[in-house]
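Got the viewer open? Let's take a walk through this one, a selection at a time.

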Amino acid sequence: MISELSPDIAKLIEDVTADSKGRLIPRLFSKLQASKELRAMLNIGRPEQATDVSRLSDAELIQQLADQAKELGIEIDLNYRFAQPPKSDAKCP
């Protein structure tokens, strides 16, 4: 009896149909279909969008950020300097 199956096994059944003799035939979920749906949901194996910033060169990214800042009325300084510790005037012996 299908009702006597454990809950873990019952979850694998997608549909139950009856044949011409009245016997119930369970149809299991397709692993292939589940894999396809999961890959589509997670965007696995699809070509990336052209707007992906990781595909931009440094100059293109800096320009795009500068343009967005200008549109928003924000003043930013985009350069290649990295944060450096402040220089101390005192010399250590």
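## Stop one: charged pairs

Select Asp-19 and Arg-23 to begin: their side chains form a salt bridge, with the closest N and O atoms 2.9 Å apart. Bear in mind as you go that this is a predicted model. Color by accessibility and Asp-19 comes out as partly exposed, because its relative accessibility is 22% and the buried class stops at under 20%.

Next, pick Asp-15 and Arg-27. Here is another salt bridge between side chains, at 3.7 Å from N to O. What does this pair tie together? Asp-15 sits in strand S1 and Arg-27 in strand S2 (residues 24-28), so the bridge links parts that are 12 residues apart in sequence. Both ends are partly exposed: Asp-15 has 30% relative accessibility, and Arg-27 has a relative accessible area of 46%. Now add Glu-14 to the selection, and you have one network, in which salt bridges with shared partners join Glu-14, Asp-15 and Arg-27.

One more pair to show: Asp-8 and Lys-11. Their closest N and O atoms are 3.7 Å apart, again a salt bridge, and both residues are exposed. The count of salt bridges for the model comes to 4.

## Stop two: a nonpolar patch

Switch to a surface view and select Ile-2, Leu-5, Ile-9, Leu-12, Val-16, Leu-24 and Leu-28. Together these residues make a nonpolar surface patch of about 590 Å². Zoom in on Leu-12, one of the patch members. You'll find Leu-12 in the loop between helix H1 (7-10) and strand S1 (13-18). Is Leu-12 buried or exposed? Something in between: Leu-12 has a relative accessible area of 49% and counts as partly exposed, because the exposed class needs over 50%.

## Stop three: a loop and a helix

Go back to cartoon and move along to the loop between helix H2 (31-41) and H3, where Asn-43 lies. Check the backbone there: phi of Asn-43 is near 55°, a positive value in a residue other than glycine. Asn-43 is partly exposed too, with a relative accessible area of 48%.

From that loop, carry on to H3 itself, residues 58-72. How far does H3 reach from its first C-alpha to its last? The 15 residues of H3 span 21 Å, close to the 21 Å expected at 1.5 Å a residue. While the helix is selected, remember that an α-helix has 3.6 residues a turn, so residues three or four places apart point the same way.

Finish with Gly-73, just after H3, which takes a positive phi of about 70°.

Definitions and conventions. Residues numbered from 1 in each chain as written. Predicted model: local features only at pLDDT ≥ 70, side-chain atom pairs only at ≥ 80, totals over all residues. Heavy atoms only, no water. Patch = residues over 30% accessible without salt bridge, like charges linked within 9 Å, V, L, I, M, F, W, Y side chains within 5 Å. Areas by Shrake-Rupley, 256 points an atom, 1.4 Å probe, with all protein chains shown as cover. Helix = DSSP H or I, 4+ residues; strand = E, 2+ residues; numbered from the N terminus. Buried < 20%, exposed > 50% of the residue type's maximum accessible area, 1.4 Å probe, protein only. Expected span 1.5 Å × (residues − 1).
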